[in-house]
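Please open the model in your viewer, switch to a cartoon display, and keep the selection tool at hand. The tour goes from one selection to the next and says at each stop what is there.

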Amino acid sequence: MSTAAELWDTLENLPRPTLGELFSASRDGGEGADEPGGDERVAMLSGRIELEEGGILFDWSKTHLDRAVIAAFEELAEAMDFAGMRAKLFGGEVVNPTEGRAADHATLRGTGDEAKVEEAAALIDRMGMLVEAIHQGALGEVEHLIHIGIGGSALGPALGVDALSRDLSYCDVHVVSNIDGVALEAAFAKCDPAKTLIAVASKTFTTIETMTNAESALKWLRDNGVSDPSGRVIALTANPEGAVEWGVDETRILPFQESVGGRYSIWSSIGFPIAMAVGMDDFRAMLAGAKAVDEHFRDTDGAANLVLRAAFADLYYTRVRGCQTRAVFAYDERLSLFPDYLQQLEMESNGKRVTAHMQPVDGPTAPITWGGVGTDAQHAVFQLLHQGTHLIPVDFIASIAPGDDLDPAHHRILLMNCFAQGAALMAGKKGEDPARNYPGDRPSATILCDDLDAAALGALIAFHEHRTFANALLMGINPFDQFGVELGKQMAKAIEQGGESFDAGTEALLSIAGLQQA
Ligand code: F6P
């Protein structure tokens with residue numbers, strides 16, 4: 001069996017047909033005669049994951065994956081013991097060696113080790129009981145929820161609430177993450193303190209931004225005549241003792257497992273604001289959608305595994321074609337926060353420089369994830385995608401069913417634009433002069449949901465979680481730690497505490513802003 005290094009070499013040296021050549025391969029005969037082109041290529045490189053109702057199509061045909069590239073990646077997956085590591089993930093074994101932890105997020109959707117699945121189900125039931133009790137008036141009239149958290153304790157809730165509660169919302173949710181008081185004040189301005197609950201979401205219950213915002217929210221309640229402000233707080237945390245110490249009553253603490261990472265925690269009690277907004281049935285539908293992806297990812301081998309196939313393409317572009325970024329455009333307003341969510345998931349997980357065995361990595365790791373919504377982005381950044389000098393693989397995400405009730409023309413134009421962009425990036429066009437020339441041969445993948453309901457959102461998120469994990473395994477890195485975020489936090493603390501000196505530039509800034517400590 002070849003080693004990983006040999007396989008990367010092989011991949012580097014494989015022929016590089018253009019997308020146009022790949023699409024016409026079998027029609028042309030010639031060298032690529034056994035490479036399917038046209039419809040056969042589309043059939044080879046697209047597949048669906050079925051959900052309880054409808055499903056999602058994953059079309060990777062407009063990427064440079066071909067049989068030879070796929071075969072080399074399948075060998076790489078074997079060399080990196082992909083199947084063994086995947087079994088460890090779902091078996092609840094340690095897959096985060098630097099912290100000695102399992103990564104149990106899939107258990108919250110009912111996938112994995114039986115005992116852990118049972119424990120997770122009990123935690124979700126507990127959350128469900130509280131959500132339903134609140135909806136039925138157990139805590140008085142509740143119209144607003146201010147959800148305070150940051151990073152994984154905010155991005156998932158914000159995405160879920162924004163994507164799913166546009167039609168109907170049981171409760172008006174405001175997600176506040178930034179320590180900049182402007183964010184919290186904006187939420188206060190929209191809420192009636194007498195009808196507001198505060199969710200304090202923090203895995204550790206120590207994060208400075210969250211705890212500072214939470215204190216200010218209590219003060220706001222108190223200043224506005226709420227007699228028992230801490231009675232209005234729900235804590236979402238893997239540190240229930242910390243929450244009790246901070247003053248939250250045990251009956252209003254929704255714990256989750258230490259082995260669920262922050263950026264994988266939307267499925268846990270961190271998803272409480274989503275359930276508050278759309279109800280437990282939709283929250284459970286989101287879990288069920290994710291479970292369908294878990295099962296596909298767990299039970300499918302080789303490139304037929306749509307998640308693994310996506311990871312093959314990701315790594316082909318990052319490592320073989322030298323792409324430094326990956327762009328994601330949701331042609332759906334309900335997914336406008338999806339690129340932000342993916343940024344943390346992918347960059348905090350795979351922005352690493354050593355392997356899980358503490359060796360320097362042998363190539364670039366996570367590309368920079370960025371993106372936006374279509375069609376807005378077409379009028380802002382697509383110029384660079386079509387004619388710039390960077391090669392940027394793009395994902396398009398869309399839903400066949402519209403999210404609006406307006407004239408169907410809106411959704412028709414939206415989808416036509418989405419598909420046109422993928423076609424244009426690939427085909428390019430010869431211009432009458434160089435400024436009007438489009439080089440083409442620019443890759444894209446299309447993820448097309450039948451409908452963007454709660455199950456589809458869960459499936460989309462789970463697909464990207466496993467895609468991130470698969471990328472990490474093929475690079476030999478640990479996606480589940482994030483030590484890179486610590487140094488800046490420590491320095492901020494040192495500045496706050498005073499007594500330490502910094503470089504002259506930083507000292508000058510501190511002095512100008514009046515922040516120099518004695
Ligand atoms: O700073 C990074 C991080 O640790 C993230 O991984 C995490 O999602 C976020 O901070 C918030 O942490 P916590 O949920 O413990 O407040």
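Before selecting anything, keep in mind that this is a predicted model.

**First stop: the mixed sheet**

Begin with residues 46-50, which make up strand 1, and residues 368-373, which make up strand 9; these two strands stand at the edges of their sheet, and since each has a single partner strand, one side of each is left without a neighbour there. The sheet they belong to is open and has 6 strands, which follow one another in the order 1-2-11-10-8-9 with mixed pairing. From one strand to the next, the twist averages 15°.

Next, add residues 325-330, which are strand 8, and look at how this strand runs beside strand 9: the two pair in the parallel sense over 6 bridges. To see one position in detail, select Arg326, which stands opposite Thr369 in strand 9.

Now select residues 409-427, which form helix 16, together with strand 10 (394-399) and strand 11 (444-449); the helix lies across both strands and runs at about 160° to strand 10.

**Second stop: the parallel sheet**

The other sheet to visit is also described as open, and its 5 strands, in the order 4-3-5-6-7, are paired in parallel. Select residues 172-176 for strand 4 and residues 253-255 for strand 7, the edge strands, each of which pairs on one side only. Neighbouring strands in this sheet are turned against each other by 20° on average, direction ignored.

With strand 4 still selected, add strand 3 at residues 144-148, and follow the 5 bridges over which these two strands pair in the parallel sense. Within this pair, Ile146 has His174 in strand 4 as its bridge partner.

**Third stop: the nonpolar core**

Which residues touch the most other members of the largest nonpolar core? Select Ala199, Phe272 and Ala459, which hold that place in a core of 147 residues. Then select residues 454-475, helix 17, which gives the most to this core, with 15 residues.

Returning to Phe272, display Met127, Val131, Ala199, Ile234, Leu236 and Leu254 around this residue, for Phe272 touches each of them when residues up to four places away in sequence are not counted.

**Last stop: the ligand**

Finally, centre the view on the ligand, which is surrounded by 14 residues, the closest being Gly151, Gly152, Ser202, Thr207 and Gly262. If you colour this shell by residue type, you will find 2 nonpolar, 9 polar and 3 charged residues.

Terms used: Residues are numbered from 1 along each chain as its sequence is written. This is a predicted model: local features need pLDDT of at least 70, side-chain atom pairs count only at pLDDT 80 or more; totals for chains, interfaces and linings use all residues. Two strands pair if DSSP finds at least two bridges between them. Helices (H or I, at least four residues) and strands (E, at least two) are DSSP runs, numbered from the N terminus. Axes are lines fitted to C-alpha atoms, for helices over the stretch in contact, and angles run from 0 to 180 degrees between N-to-C directions. Two residues are in contact if their C-beta atoms, placed from the backbone, lie within 7 Å. A residue is near a molecule or strand if its C-beta atom, placed from the backbone, lies within 6 Å of it. Ala, Val, Leu, Ile, Met, Phe, Trp, Tyr, Cys and Pro count as nonpolar, Asp, Glu, Lys and Arg as charged, and the others, Gly among them, as polar. A nonpolar core is a set of buried Ala, Val, Leu, Ile, Met, Phe, Trp, Tyr and Cys residues joined through C-beta atoms within 7 Å. A residue is buried if 20 or more other C-beta atoms lie within 10 Å of its own, exposed if 12 or fewer, and partly exposed in between; C-beta atoms are placed from the backbone.
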